[in-house]
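User: I'm new to this one and would like to know what stands behind each label. Can you take me through it?

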Amino acid sequence: MRDPRVERLPTVRPAPEPDAPRECGHGLLLVEELADRWGVAPELIGKTVWAEIGT
């Protein structure tokens with residue numbers, strides 16, 4: 001996934017409370033659970049978030 005914004009790096013948010021709305025904002029929580037490795041690569045313009053699954 002590429003993101004043109006460089007001023008903010010992605011972070012994993014804590015799991016939501018059981019009664020909290022779950023519509024968005026926890027994609028990296030899923031990536032962290034499913035991926036063997038993931039990270040962020042800075043680009044000339046923006047950044048790329050990458051993940052390795054099943055390696």
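User: Let's start in the middle. Which residue is the bridge partner of Gly-39 in strand 3?

Analyst: Gly-39 has Trp-50 as its bridge partner in strand 3. Before we go on, a word on the ground rules: this is a predicted model, where local features need pLDDT of at least 70 and side-chain atom pairs count only at pLDDT 80 or more, while totals for chains, interfaces and linings use all residues. Residues are numbered from 1 along each chain as its sequence is written, and side-chain values use heavy atoms, with hydrogens and water left out.

User: What makes strand 2 and strand 3 a pair?

Analyst: Two strands pair if DSSP finds at least two bridges between them. Strand 2 (residues 37-42) and strand 3 are joined over 6 bridges, in the antiparallel sense, so they pass that test. Another of the bridge partners is Glu-52 in strand 3, which goes with Arg-37.

User: What counts as a strand or a helix here, and how many does the chain have?

Analyst: Both are DSSP runs, numbered from the N terminus: helices (H or I) need at least four residues and strands (E) at least two. The protein chain has 1 helix and 3 strands, and along the sequence they follow the pattern β-α-β-β.

User: Why are Arg-37 and Glu-52 said to meet in a salt bridge?

Analyst: The label asks for a side-chain nitrogen of Lys or Arg within 4 Å of a carboxyl oxygen of Asp or Glu. The side chains of Arg-37 and Glu-52 come to 3.4 Å, N to O, so the label fits. The two are 15 residues apart, with Arg-37 in strand 2 and Glu-52 in strand 3. A search of the whole structure finds 1 salt bridge.

User: Why is Val-40 called partly exposed?

Analyst: Buried means under 20% relative accessible area, exposed over 50%, and partly exposed in between (1.4 Å probe, protein chains only). Val-40, in strand 2, has 29% relative accessibility, so it counts as partly exposed. Arg-37, at 47%, also counts as partly exposed.

User: And which label does Leu-34 get, buried or exposed?

Analyst: Leu-34 sits in helix 1 (residues 27-34). Its relative accessible area is 61%, so Leu-34 is exposed. Ile-45, in the loop between strand 2 and strand 3, counts as exposed because its relative accessibility is 68%. Across the 55 residues of the protein chain, 13% count as buried.

User: How do you know what Val-40 is in contact with?

Analyst: Contact means heavy atoms within 4.5 Å. Leaving aside neighbours within four places in sequence, the contacts of Val-40 include Leu-9, Pro-10 and Trp-50. From C-alpha to C-alpha, Val-40 and Trp-50 are 6.2 Å apart in space, and 10 residues apart in sequence.

User: Last one: how do you know how far to trust all this, and where is confidence lowest?

Analyst: The guide is pLDDT, the predictor's confidence in each residue, from 0 to 100. The protein chain averages 77, and 73% of the residues score at least 70. Confidence is lowest in strand 1 (residues 2-3), at a mean of 70, and highest in strand 3 (residues 47-52), at 89. Where pLDDT is low, the predicted coordinates should not be read in detail.
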